[in-house]
Each structure stands twice: as C-alpha cells, then as structure tokens.
Amino acid sequence: MTLEPVIGLEVHVQLKTKSKLFCRCSTQFGAEPNFQICPICCGHPGVLPYLNKKAVELVVRAGLGVGCQIAPHSVFSRKQYFYPDLPKAYQISQFDLPLAINGKVDILTSDGKPKTIRVHRIHLEEDAGKLLHAIGARELDYSLVDLNRACVPLAECVSEPDLGSPEEAYSYLTILKAIFQYLDVSDCDMEKGSLRCDANISLRPVGHKQLGTRAEVKNLNSFKSVKEAIYYEIKRQTEVLNKEGRVIQETRLWDDTRGVTESMRSKELAHDYRYFPEPDLIPITLSKDYLDTVRAGLPELPDKKKIRFISDFKLTDYDATVLVGDKALAGYFEKAAAKAGTDDAKPVCNWITTELLGRLNASKKSIEESPVSPEHLAQLVSLIKKGTISGKTAKDVFTEMFDTSQAPETIVKSKGLVQVEDTATIEKWCDEAIAEMPKAVEEYKGGKERAIGSIVGLVMKKSQGKANPQLVNQILARMISKHT
C-alpha cells in the first residue's frame with residue numbers, strides 16, 4: 001500500500017509584551033525561577049484577570065500578516081485540564097470564537113513549485129509554567145516547577161493539514177517565523193522558548209481524501225527537531241500500517257538525543273477539556289477604526305521586500321530569499337547597500353551570503369552580533385571597486401575586520417596593503433616571473449591561454465598580493481608577446 005503523509009502544525013509564539021496576559025508580572029527571559037509571579041498568574045482563589053491590550057493588538061497584527069479575517073467579536077474560554085505546571089488547573093484560551101481565521105502562507109515545495117498552506121486560526125491564550133526534570137546534566141528523581149512562564153501571552157497559529165512532507169513543514173515554519181519577526185509580534189527565539197511547535201502527522205493511501213488517524217508530537221523547540229520528528233513519525237506509522245496494525249490517536253514526545261518519538265498520553269478531544277466561556281473576562285470587541293489603524297501600521301513583509309530587492313538591487317531570487325528570511329539580516333543588507341550605492345548592492349550581498357554568514361555561523365553569532373558593521377562592509381566593497389585593494393587582499397582584510405571590528409581603511413593603511421598599480425614595479429615582477437616559468441610562457445605562446453594563470457599567480461606571490469591583477473594580466477600578455 002502506497003501511503004502519503006498529511007501534516008498540520010500548531011505554532012505557539014510568545015508575544016512581544018513587557019507584562020503577562022492577565023497581570024502586571026514581567027515576561028523578561030532569564031529571571032530566577034518563580035521570581036516573576038503573583039496571585040493572579042499563580043491562580044490563587046478570588047483573584048481577577050485583566051486583559052493586556054497590547055497582546056490583542058499583536059495577535060491582530062499576526063492575523064493580518066497572514067491574510068486572516070479578524071473577528072470583530074471574540075471571547076475567552078477556560079480549557080480544563082490538570083498538570084503540575086498549570087496552577088489554575090485550567091488555561092485561559094480561545095475556543096469557538098478566536099481572534100483570526102482563514103489565512104494563508106505561500107511556500108515553495110522541494111521541486112520549486114508554489115503551494116498555499118491554509119491557516120485555520122490564530123488565537124490568544126496564556127502559557128503554562130515549566131517543569132524541570134534535571135539541573136544541568138544531573139537527572140532529578142523529582143520535578144521542579146517554575147511558574148515564571150505561567151500567564152505569558154501566546155499566539156497559537158493552527159494550520160490546516162495541507163503540508164505533505166517534512167521539507168514543506170520546514171519551509172512553512174521558516175516563512176511564518178519571518179512574517180512574525182517583521183510584524184514585531186515576537187522575537188521567535190526558539191532557544192528562549194518564544195516559538196514552539198506541535199506537529200500532527202497522519203498517513204493515508206495516495207489518492208484518498210479521508211484523513212488517517214493522527215499522532216501529535218508536542219513541544220518541538222527547533223526547526224531541525226520538527227523535520228526529524230515528522231520523518232520518524234512517517235516511518236513509524238508506515239511500519240504499523242504495513243503490518244496491518246492500527247495507528248493510535250495520541251500525544252507523543254520527541255527524544256532529540258535518541259531520535260525517536262515516545263507515547264505521552266492518549267490524545268484528548270476538544271470535549272475532553274470541557275471548554276466553557278471564561279466568566280471573569282468580558283468579550284473582545286474590535287471596531288473598524290481600530291482594525292484600520294492596526295492595518296495601516298503594518299510594515300513591509302518578506303514577500304514584498306523580496307520583490308523589491310530583486311527589482312531595485314538586481315539580486316537573484318535565491319539571494320533575495322536568503323536575505324529576507326531574517327528581518328535583521330535584511331536590515332543589515334539594506335544599510336550596507338545604502339552606504340555602498342545601488343550599483344554595488346550585488347557585491348555587498350555576495351560578501352554577506354558567502355563570507356559574513358559563514359563566519360557568523362562558525363562562531364555561533366547572529367547578524368545582530370556581527371563584528372563587521374554594515375558601514376564597514378560597504379567601505380570594503382568600495383575599496384575593491386576603486387582598486388585600492390585586490391579581491392584576494394580583501395578577504396584577508398575581512399578576516400581582520402571580523403576579528404577586530406576595525407574599519408577596512410584602517411587595516412589597509414596599518415598593514416600596508418594598498419594595491420600596487422605602478423607599471424614599472426609590476427613590469428619588474430613580471431620579468432622575473434617570465435624568466436622563472438619558461439614552460440608556461442611557451443604554452444601560452446602556443447595557444448594555451450590558461451597557462452598565463454600560473455604566471456599571474458607567481459607575480460601576485462612576488463607582490464605579496466598587492467599587484468593589481470588586471471594590470472598584471474595586461475602587462476604579462478604584452479611582455480610575453482614581445483618575448484623571444
């Protein structure tokens with residue numbers, strides 16, 4: 001039996017607010033356990049929640065950013081379940097009347113074809129706390145509870161089951177993350193738990209419309225984990241079905257170390273949570289004027305920015321895709337391109353995507369932590385264009401820039417790296433190289449044009465990389481043609 005995967009994702013994004021959803025406690029990351037709590041977020045008897053207006057605005061922005069319809073009227077519900085990190089024994093969420101519905105995200109499949117992934121809904125809810133099962137590398141015989149995250153505002157973005165492969169899920173998450181970052185809805189920092197994902201995976205015979213029984217893999221905290229967990233689930237469920245077994249609807253957890261999913265509990269249905277309207281919060285009503293104001297404040301999103309980069313800066317589709325995939329990276333490029341000039345935007349892009357990103361990844365730094373400023377990168381491109389330094393020398397200068405954060409002009413002057421363009425000096429080096437490489441000279445004269453490359457290389461070595469390569473080529477060609 002030939003089976004195909006059907007995948008839907010539930011993405012939980014921590015909203016960029018300073019305080020929690022229903023109280024004034026801070027949402028700042030990294031505080032001591034249980035230092036950012038109060039009677040409201042701890043669920044003490046008799047307390048009343050009050051809604052964070054900014055959180056509502058951010059969910060509206062998120063909905064508009066993916067083309068959702070924004071509900072003028074929505075309500076909160078209590079989602080009843082017991083877990084040690086949920087102090088109220090219920091979670092305030094949205095059930096039948098969410099803030100945003102019916103959006104979409106456009107992705108490219110692995111064969112380069114466009115595909116639309118429907119967004120079923122985006123709703124506002126509070127986070128639970130966090131259970132700690134280890135301290136550092138030491139496993140505990142018990143669990144500790146940190147309630148700092150309890151009541152932190154989340155936007156839950158639920159896709160339709162339109163994804164057909166782990167690669168499509170990865171692409172969808174990448175684009176969704178970029179959209180939310182551009183909208184300033186969230187920093188989407190997965191290392192801080194600002195973006196988490198649950199994946200629903202099922203299999204069905206190819207060509208069938210009816211969905212198979214799904215398994216949900218919870219709390220995936222990296223795009224890599226999402227991809228690998230989906231791969232594993234497809235393999236596991238395929239083996240079960242091919243043995244004429246039955247896939248159980250359940251919640252599973254991903255073990256990143258062992259690369260497997262493990263059963264956590266049988267999957268609850270919506271009615272198992274006994275949703276009912278939250279009695280302590282009034283409904284949310286959004287006026288047309290309010291929605292128009294939020295809509296007018298939306299920034300340029302990645303798809304529009306990509307089109308502009310290709311049009312204005314003559315970048316390739318690939319280059320533009322890489323740059324706009326990260327808001328901070330796109331901003332860095334625009335600053336550097338503005339300093340270098342539109343005509344030099346492509347060389348600026350090349351330095352970013354090859355040299356800079358490679359070094360940042362190797363040193364595990366983000367673009368915001370780059371030791372090379374956009375202004376300094378633009379200066380480097382300008383020095384190459386003016387002929388002050390050669391492309392080979394520029395790589396050495398860039399290494400120094402990355403290590404010291406110095407301006408390229410400072411490095412060039414202090415190390416005496418200014419490109420030599422004096423004809424007499426270059427002719428002297430060329431004379432020496434011609435005398436030392438008679439075989440290459442004869443090959444070049446015999447019609448093997450590539451043979452001049454080794455002679456050029458020797459000249460550059462003699463000049464310690466300072467000779468202007470174009471002048472070297474011109475002078476060598478002239479001198480060899482006269483050489484007897």
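A residue counts as buried here when its relative accessible area is under 20%. Keep that cut-off in mind, since the model, which is a predicted one, has several elements that are mostly tucked away by that rule.

**Helix α1**

Let's start with helix α1, which covers residues 53–65. Ten of its 13 residues are buried, so α1 is largely enclosed by the rest of the structure. The buried ones are A55, V56, L58, V59, V60, R61, A62, G63, L64 and G65. From the first C-alpha to the last, α1 reaches 19 Å, close to the 18 Å expected at 1.5 Å a residue.

Both ends of this helix have something to look at. At the start of α1, N52 points a side-chain oxygen to within 3.0 Å of the backbone nitrogen of K54. Just after the helix comes G67, and its phi is positive, at about 75°.

**The nine-stranded sheet**

Now for the strands. Nine of them form an open sheet with mixed pairing, and the order is β2-β6-β7-β10-β1-β11-β12-β13-β14. At the edges stand β2 (69–70) and β14 (260–266); each has a single partner strand, so one side of each is left without a neighbour in the sheet.

Strands β1 and β11 sit next to each other in that order, and they make a good place to zoom in. How much of each is buried? For β1, it is ten of twelve residues. For β11, it is ten of eleven residues. Both strands are described as mostly covered, β1 as well as β11.

β1 (residues 3–14) and β11 pair in the antiparallel sense over eleven bridges. You can follow this pairing through a few partners. L3 of β1 has P205 as its bridge partner in β11. Further along, G8 is partnered with N200 in β11, and V13 with L195.

Each of these two strands also pairs with another one. β1 is joined to β10 (residues 153–159) by five bridges, and the two run antiparallel. In that pairing, H12 stands opposite E156 of β10. β11, for its part, pairs with β12 (residues 215–220), again in the antiparallel sense, over four bridges. There, A199 stands opposite V217 in β12.

**Just before β1**

What comes in the segment before β1? T2 has its place there. T2 is exposed, because its relative accessible area of 58% is over the 50% cut-off. The C-alpha atom of T2 is separated by 25 Å from that of R118, a residue 116 places away along the chain.

**The three-stranded sheet**

There is also an open sheet of three strands, in the order β5-β4-β15, and its pairing is antiparallel. The edge strands are β5 (90–93) and β15 (276–277), each pairing on one side only. β4 (residues 77–80) pairs with β5 over four bridges, in the antiparallel sense. One partnership to look for is R78 with I92 in β5.

**Helix α7 and its packing**

Finally, turn to helix α7 (residues 327–340), which packs with α9 (residues 374–386) and also with α8 (residues 345–362). Here are the two packings side by side.

| Helix pair | Angle | Axis separation |
|---|---|---|
| α7 and α9 | about 45° | 8 Å |
| α7 and α8 | about 135° | 9 Å |

The angle of about 45° between α7 and α9 makes α7 oblique to α9. With α8, the angle is about 135°, and that makes α7 oblique to α8 as well. What is the handedness of these crossings? α7 passes α9 in a right-handed crossing, and it passes α8 in a right-handed crossing too.

Definitions and conventions: Residues numbered from 1 in each chain as written. Predicted model: local features only at pLDDT ≥ 70, side-chain atom pairs only at ≥ 80, totals over all residues. Heavy atoms only, no water. Expected span 1.5 Å × (residues − 1). Buried < 20%, exposed > 50% of the residue type's maximum accessible area, 1.4 Å probe, protein only. Polar contact = N/O pair within 3.5 Å; in protein donor to acceptor, adjacent residues only side chain to side chain. Pairing = 2+ DSSP bridges. Axes fitted to C-alpha atoms, helices over the stretch in contact; angles between N-to-C directions. Parallel < 35°, antiparallel > 145°, perpendicular 65-115°, else oblique. Left-handed = near helix turned anticlockwise from the far one by under 90°.
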